[in-house]
Amino acid sequence: STLVERLWLQTIRFHASREKTELFLSDLTKWPPDKRAAVRDLEIYVHPDSTVLIYAAIADLPSLRSLCLRLVGYSLQDYKGRPLGTADSRGGLQRVFEHCVNLRRLQVTSQSLPLESCRLPAKISDVTLDAATLGESTAANLQQAGITRLELHFHREVAATAFADLPWSSLRRLVLVFHDNDMEGVTGCIQNLALQVRVFFRTRSCCFPLLTSLADAES
């Protein structure tokens with residue numbers, strides 16, 4: 001029935017090759033408006049040579065609230081190459097943000113899309129990123145969006161990861177996921193964050209529970 005179909009379409013996780021992914025997305029663009037509007041959560045693979053079709057199809061889901069883009073190689077394993085910074089990926093991602101105005105949660109795994117040049121939608125509050133992609137521009141983007149939950153994944157040597165100041169003024173929950181057993185590097189990362197917290201406290205009069213916890217974590 002129509003009701004069952006809408007419930008079934010609320011969450012879509014599509015993990016497949018580039019060819020199958022683009023075929024699925026091509027079909028998705030032909031769905032009637034009420035069927036596209038039923039999709040709330042989408043998790044899909046992005047390939048290094050994916051065309052702009054993937055972004056056009058996602059942007060055509062007006063009720064989308066949660067989006068997970070996982071960048072993979074031909075073996076469908078996490079892609080570890082350079083981030084995608086082409087004009088197609090920048091323009092496509094910006095189109096998604098402009099059209100999916102109800103988007104609240106964004107997960108971008110591995111080194112992936114150019115968030116530094118795509119302004120996040122106003123309602124978004126929950127973001128997952130590769131820590132290595134968190135430069136000054138991306139951090140400023142998170143700050144203007146008022147992110148309240150941030151999850152950072154460390155895929156390479158932690159000690160070699162340098163990231164910009166986190167959006168402490170809005171942040172309520174921070175999750176760190178280390179894909180390496182370099183405890184010295186992990187400790188250095190926590191100390192780096194604690195230093196950011198101390199600097200934030202010096203310039204703000206308000207105290208947040210998360211910041212207090214991180215400051216204590218240094219010891």
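Trainee: Which residue lies over the face of Trp 31, and at what distance from the ring centre?

Mentor: That's Lys 35, sitting over the ring face at 4.7 Å from the centre. Keep in mind that we're looking at a predicted model.

Trainee: Okay, on to the rings themselves. How is a pair of aromatic rings described?

Mentor: You need the distance of the centres and the angle of the planes. Here the count comes to 3 aromatic pairs. Take Phe 14 and Phe 24: their centres are 4.4 Å apart with 10° between the planes, and the pair is stacked. Planes under 30 degrees apart count as stacked, so 10° qualifies.

Trainee: Which parts of the chain does that pair tie together?

Mentor: Phe 14 belongs to strand β1, residues 11-14, while Phe 24 belongs to helix α2, residues 18-28. The pair therefore links parts that are 10 residues apart in sequence.

Trainee: And how do Phe 24 and Trp 31 pair up, by centre distance and plane angle?

Mentor: Those two have ring centres 6.3 Å apart and planes at 85°, so call the pair edge-to-face. Put the pieces together and Phe 14, Phe 24 and Trp 31 make one aromatic cluster.

Trainee: Is Phe 14 buried or exposed? And what about Phe 24?

Mentor: Buried means under 20% relative accessible area, so the cut-off does the work here. Phe 14 has 22% and is partly exposed, whereas Phe 24, at 15%, counts as buried. Trp 31 is buried too, as is Phe 24.

Trainee: Let's follow β1 outward. Which strand does β1 pair with, and in what sense?

Mentor: Strand β2, residues 41-46, in the parallel sense over 4 bridges. Phe 14 shows up again here: its bridge partner in β2 is Ile 44.

Trainee: Where does the ladder go from β2?

Mentor: To strand β3, residues 66-71, which runs parallel to β2 with 6 bridges joining them. Ile 44 carries the trail along, since its bridge partner in β3 is Leu 69. You can trace it on screen: Phe 14 to Ile 44, then Ile 44 to Leu 69.

Trainee: Zooming out, how many helices and strands are there in the protein chain?

Mentor: You'll find 8 helices and 7 strands. Of the 219 residues, 46% are buried.

Trainee: What share of the contacts join residues at least 24 apart?

Mentor: Looking at contacts between residues at least 6 apart in sequence, 61% join residues at least 24 apart. As for the surface, the accessible area comes to about 11,100 Å², and 52% of that belongs to carbon and sulfur atoms.

Note on methods
Residues numbered from 1 in each chain as written. Predicted model: local features only at pLDDT ≥ 70, side-chain atom pairs only at ≥ 80, totals over all residues. Heavy atoms only, no water. Phe/Tyr/Trp six-rings, centres within 6.5 Å; stacked < 30°, edge-to-face > 60°. Helix = DSSP H or I, 4+ residues; strand = E, 2+ residues; numbered from the N terminus. Buried < 20%, exposed > 50% of the residue type's maximum accessible area, 1.4 Å probe, protein only. Lys NZ or Arg CZ within 6 Å of the ring centre and 35° of its normal. Pairing = 2+ DSSP bridges. Contact = heavy atoms within 4.5 Å. Areas by Shrake-Rupley, 256 points an atom, 1.4 Å probe, with all protein chains shown as cover.
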